[in-house]
Each structure stands twice: as structure tokens, then as C-alpha cells.
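User: I'm new to this structure and would love a close look at one part of it. Could you take me through the aromatic rings and what surrounds them?

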Amino acid sequence: MAKSPPSKPLLADETPLRSRARKPRDPSQPRLPFDPMPDRVEPCLALLKPRPPVGPDWLYELKWDGYRIAVHLNNGHVRILTRGGHDWTHRFPGIEDAAKRLGVGTAILDGEAVVLDEEGRPHFGKLQNSLGRRGGKLPAGDAIMFAFDLLYFDGHDIRSLELTSRRYFLQSLLKNETGAIRLSETIDGDGRDIFDAACEHGLEGIIAKYKDAPYRSGRFGEWIKVKCTQSGSFIVVGYELSLVARSGIGSLLLAARKGDDWVYVGSVGTGFNERSAEYLRKTLDRIKRKTPPVKYEGRRKNLAWVQPTLIAEIEYRAWTHDGKLRHASYKGLREVQDNAAVYEFTPVT
């Protein structure tokens, strides 16, 4: 999809902003001109909507299909934190090295870690493979970070600034970066046209962001996500045994959260390859149980039930009238440390 060139910088000087790493400051000094660097920032989350907002008050970006991360750079020391606050620095060595070369003393970048396919599109399964799948400890050497926000820069907490100002500093910092940390470019145009083009190119969707909003942790509607296909995280409660399917898994049985309990929402039998099916079978067989963890009234036999601990990312087209997923496809298992929220079930009307 063709992208419009990035917006013109607010200042005429095209030289990228750089600074020298400072020595650690004396915390006993009472009135320092710099803001303390936060150990962690709860991320700003996008609100899901069926259609994108339109108008001059909104910026548009692609929705990246990967893991949300924050890169903390403090005088040459790098920490890469997941959405849930877990330290995954060792799992993204390429991003860590790229952060050290940014040429700024202190910064916190917000973005998404992805692995691109042969056509340059984010591929969630490839990212999982490079990380050794759920619970693995392998480094994702092929992963890159698309940075879309800057929360702390050169000794200053800039979360209170409007988005356009934060992006100006981010754009200047990443102006010539083409390695493991890259700028998530904004796209000019009508949000509806941008969304349609993203879907035509097989992308996950777009994010619309209110230009004048500060960075606020949580989900307040200043960021809007619009997906080309519906997707969500569901808990795996069992699987259907098959004599002909890969590794004997005919389908995965799924549940959504309903209050403090689980509710069965159907199964998924597509999206596996030989490698992922083999890994699933070995993992599921280690957490088998004799009784179903959800109320199940289906007639299928040859079912194996498991402890509700695995979270699967599922694409689907719609819901049936009785609250089951339609045209579901398996994308992969989520990492527990990624803090993925299991789908909250609401009755279909």
C-alpha cells in the first residue's frame, strides 16, 4: 500500500535530534531541571470500533500484528518491557542493540515488535516461531520494532504533550533509522479509504489517534483501532482427537470469559501447520484433565479436556445466534507475559 510522505517537521532544521549520554544525576539535589525517568508506564490502549473516525483531528497508522513493547534507554542501558511489565530484553537482541545506537541519553519508546513475511507484512506466527513459541526463551533475531510514540526524551517526561509534538521528537530521533527500530509512519487521507486499502493488502487494520491528546495510560477512546477481520484471545479448554489431522488434533475447543467463569464458544480447526500442530499436541497432553472446565452440551465424541491455561489468538468472521465463533482460524498461542486479555463474552443479540 502506497504511503504518503511523513508530515513536515515543526521546525525548519532537518538535522536529527541527538544528545550525549549524561552521567547519572545526584538524587539528593532538590530541584533538578530534569524529570525522573519512570521505571514503567502502563500503555495507552486503543478502543475497538467498527469504523474509523474521520476528519482533520485524527492521525492514521497501520495496526501492527505483534507484541506491544516499551523500550527504556537510560545512558546505554536498555530494558524492553512487555505490555504486562515483564522484562524481555534478552528476547529481542536486535532491538536492544538498535536502541543503544540511537544517540540519545534517555528515552522511552512505545511500539510493536513484529516479524515481517516475504511481502513485508507483519506475520504473528513467524514472530512466535522466532521466540520459541509460548514460554520459550529463544531470542527473536528477526524481530523489528515499529515505534509509534515517545513518552520520555532526553531527561524530560513528554507524556503531557499533544501527540503531534511527541511524534515530532520521535520522527526526528528515528529519521534515518532502517534497522531493528523503525518509525511507524502516519498515513495521510480519509480514514475510510486508508482502512479499505489496508484490508485489500491483507493487513490487520488501522489505528486512528486524536492529534491533540496527551499520552494517557488505559483505554479512553483517544486511540481507535479498526480491524479488517475480527480477532480475539480465547482460552483453550480441550481438543478433538482425529485419526487424519496433523498430530491427531482435529480442532481446538475454545472458551471466553464470562464474569469469573468460562463459557464455551466453539472450536477452531484451521490455521495449523505440521509444526504448530505437533507443538500444540505435546503442550496440551501435559495439561490434560478428566472433566471439562466449561459446560459443554455438544454431541462430538473423542474429546480431550485440558486445564484452562493456554490462550490462543483466533481470527473469525462473525458469531452464530447461539454464541459460537463462525469461520474461525487459529493464529497462534499468546504469551502469558504479553498480558493478552481473554475475550469477554456478551450475549449475541
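Analyst: Happy to! Let's start with Trp58, a buried residue whose relative accessible area is 18%. It counts as buried because that value falls under 20%. Please keep in mind that this is a predicted model.

Trp58 has an aromatic partner, Tyr210. The two ring centres are 5.5 Å apart and the planes meet at 70°, so this pair is edge-to-face; the angle needed for that label is over 60 degrees. Tyr210 is partly exposed, with a relative accessible area of 31%, whereas Trp58 is buried. The pair also joins distant parts of the chain: Trp58 belongs to strand 2 (residues 58-62) and Tyr210 to strand 9 (residues 205-210), with their positions 152 residues apart.

Another edge-to-face pair is made by Tyr316 and Trp319, with 5.6 Å from centre to centre and 70° between the planes. Here Tyr316 is buried at 4% relative accessibility, and Trp319 is buried too, at 18%. These two residues belong to one aromatic cluster together with Phe234, Tyr343 and Phe345. Across the structure there are 18 aromatic pairs.

Some rings have a charged side chain over them. Lys209 lies over the face of Trp223, 3.9 Å from the ring centre. Likewise, Arg91 sits over the face of Trp88, at 4.6 Å from the centre of that ring.

Now for the wider setting. The chain has 349 residues, of which 48% are buried, and its secondary structure consists of five helices and 19 strands. Among contacts with a separation of 6 or more, 70% are between residues 24 or more positions apart, and the link between Trp58 and Tyr210 is a pairing of distant parts of the chain as well.

In soluble globular proteins, nonpolar side chains tend to be buried together. In this model, the largest nonpolar core has 33 residues, and Val71, Phe92, Ile95, Leu109 and Leu174 touch the most other members. Elements giving two or more residues to this core include strand 3 (67-74), helix 1 (93-100) and strand 5 (106-114). Apart from this core lies another one, of 27 residues, with Tyr239, Ile249, Ala277 and Ala304 among them.

Ile95 is a good place to zoom in: beyond its neighbours within four places in sequence, Ile95 is in contact with residues including Ile69, Val71, Ile80, Met145 and Ile181.

Methods. Residues are numbered from 1 along each chain as its sequence is written. This is a predicted model: local features need pLDDT of at least 70, side-chain atom pairs count only at pLDDT 80 or more; totals for chains, interfaces and linings use all residues. Side-chain values use heavy atoms; hydrogens and water are left out. Helices (H or I, at least four residues) and strands (E, at least two) are DSSP runs, numbered from the N terminus. Buried means under 20% relative accessible area, exposed over 50%, partly exposed in between (1.4 Å probe, protein chains only). Contact means heavy atoms within 4.5 Å. A nonpolar core is a set of buried Ala, Val, Leu, Ile, Met, Phe, Trp, Tyr and Cys residues joined through side-chain atoms within 4.5 Å. Rings of Phe, Tyr and Trp (its six-membered ring) pair if their centres lie within 6.5 Å; planes under 30 degrees apart count as stacked, over 60 as edge-to-face and the rest as tilted. A charge sits over a ring if NZ of Lys or CZ of Arg is within 6 Å of the ring centre and within 35 degrees of the ring normal.
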